[in-house]
Amino acid sequence: MSSKARNHEHLYKRSPLCGILQQQQDLSALLINYGATMKFPYGLADFYSMRKEGYFYQDRTSFIRTVEERGKQLVFLRPRRFGKSVWISTLANYYDVARADDCTMLFGDLAIWQDPTPLHNQHFILRWEFSKVAAFGEVETIIQVLYDHIHVIEEEMAGHWKLIWLLSSWEAT
């Protein structure tokens with residue numbers, strides 16, 4: 001083995017990615033040895049669905065505390081298919097007031113639940129899905145489609161939070 005190859009192997013073994021890949025290989029071997037099948041969430045980026053339906057989830061929740069400590073405006077730059085949407089969905093479920101009743105089911109066996117941060121389930125989450133807004137055509141058309149999309153989301157969220165508020169008011173009486 002050349003010195004360059006040894007150096008690359010040494011760097012790989014020290015990287016966090018190596019640990020994650022090793023965990024995945026260990027889990028796969030364990031499942032194969034016991035005859036279990038692993039549901040792999042190919043194309044699924046909804047944390048809630050993944051956890052509720054028993055899909056494999058690589059636990060990265062230990063980074064939530066780090067995210068909170070880094071500041072309020074963060075940019076996640078990663079290549080395609082690198083888990084950005086799953087991570088954002090994980091954060092949305094962790095912080096969303098509407099998921100408070102499901103938190104133990106969603107996070108109970110994950111790293112963050114050993115020592116949850118004070119901010120969990122403390123925010124109203126509004127999720128924008130801009131992939132549904134076509135970015136082609138006349139500028140006026142794109143702007144109108146964007147406004148229409150935002151209006152639909154606002155209406156859905158207003159109804160959702162009004163229902164939660166009414167239910168919580170009813171339970172308080």
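Two rings of Phe, Tyr or Trp count as an aromatic pair if their centres lie within 6.5 Å. With that in hand, let's work through some exercises on this structure, which is a predicted model.

**Exercise 1. Work out how the rings of Phe 47 and Phe 107 are arranged, and where the two residues sit.**

Step 1. Start with the whole structure: a search finds 6 aromatic pairs.

Step 2. A pair of aromatic rings is described by the distance of the centres and the angle of the planes.

Step 3. For Phe 47 and Phe 107, the ring centres are 5.0 Å apart and the planes stand at 25 degrees. Planes under 30 degrees apart count as stacked, so this pair is stacked.

Step 4. Now find the two residues in the chain. Phe 47 belongs to helix α3, while Phe 107 belongs to helix α6 (residues 103-107). They are 60 residues apart, and the pair links distant parts of the chain. Both Phe 47 and Phe 107 are buried.

**Exercise 2. Classify the aromatic pair of Tyr 94 and Tyr 95, and decide whether each residue is buried or exposed.**

Step 1. The centres of the two rings are 5.0 Å apart, with 80 degrees between the planes.

Step 2. An angle over 60 degrees counts as edge-to-face, and that is the class of the pair formed by Tyr 94 and Tyr 95.

Step 3. For burial, the cut-off is under 20% relative accessible area. Tyr 94 has 0% relative accessibility, so Tyr 94 counts as buried. Tyr 95 has 12%, so Tyr 95 counts as buried too.

Step 4. Put the rings together: Phe 47, Tyr 57, Tyr 94, Tyr 95, Phe 107 and Trp 113 form one aromatic cluster.

**Exercise 3. Describe the surroundings of Arg 51.**

Step 1. Locate the residue: Arg 51 lies in helix α3, which covers residues 47-52.

Step 2. Check its accessibility. The value is 17%, so Arg 51 counts as buried.

Step 3. List its contacts beyond the neighbours within four places in sequence: Tyr 57, Met 105, Leu 106, Asp 109 and Leu 110.

Step 4. Look at Leu 106 again. Its backbone oxygen lies 2.9 Å from a polar atom of the Arg 51 side chain.

Step 5. Compare sequence with space: Arg 51 and Phe 107 are 56 residues apart in sequence, and their C-alpha atoms are 8.6 Å apart.

**Exercise 4. Examine two residues in the loop between α6 and α7, Thr 117 and Asn 121.**

Step 1. Thr 117 has a relative accessible area of 1%, so it is buried.

Step 2. Leaving aside neighbours within four places in sequence, Thr 117 touches Arg 65, Glu 68, Tyr 94 and Ile 112. You have already met Tyr 94 in its pair with Tyr 95.

Step 3. Asn 121 is buried as well, with a relative accessible area of 9%. Its phi is near 55 degrees, a positive value in a residue other than glycine.

**Exercise 5. Describe the second largest pocket and its lining.**

Step 1. The space in this pocket is about 730 Å³.

Step 2. The lining has 21 residues, and the closest to the centre are Phe 76, Ile 88, Leu 91, Ala 92 and Ile 125.

Step 3. The elements that give two or more residues to the lining are α4 (64-70) and α5 (84-95). The most comes from α5, with 5 residues.

Step 4. Sort the lining by character: 13 residues are nonpolar, 4 are polar and 4 are charged.

Conventions: Residues numbered from 1 in each chain as written. Predicted model: local features only at pLDDT ≥ 70, side-chain atom pairs only at ≥ 80, totals over all residues. Heavy atoms only, no water. Helix = DSSP H or I, 4+ residues; strand = E, 2+ residues; numbered from the N terminus. Buried < 20%, exposed > 50% of the residue type's maximum accessible area, 1.4 Å probe, protein only. Contact = heavy atoms within 4.5 Å. Polar contact = N/O pair within 3.5 Å; in protein donor to acceptor, adjacent residues only side chain to side chain. 1 Å grid on protein atoms, 1.4 Å probe; cavity = no way out; pocket = protein on both sides within 12 Å on 5 of 7 lines; lining within 4 Å. Points joined across faces, edges and corners; volume = space filled by probe spheres on them. Nonpolar A, V, L, I, M, F, W, Y, C, P; charged D, E, K, R; others polar.
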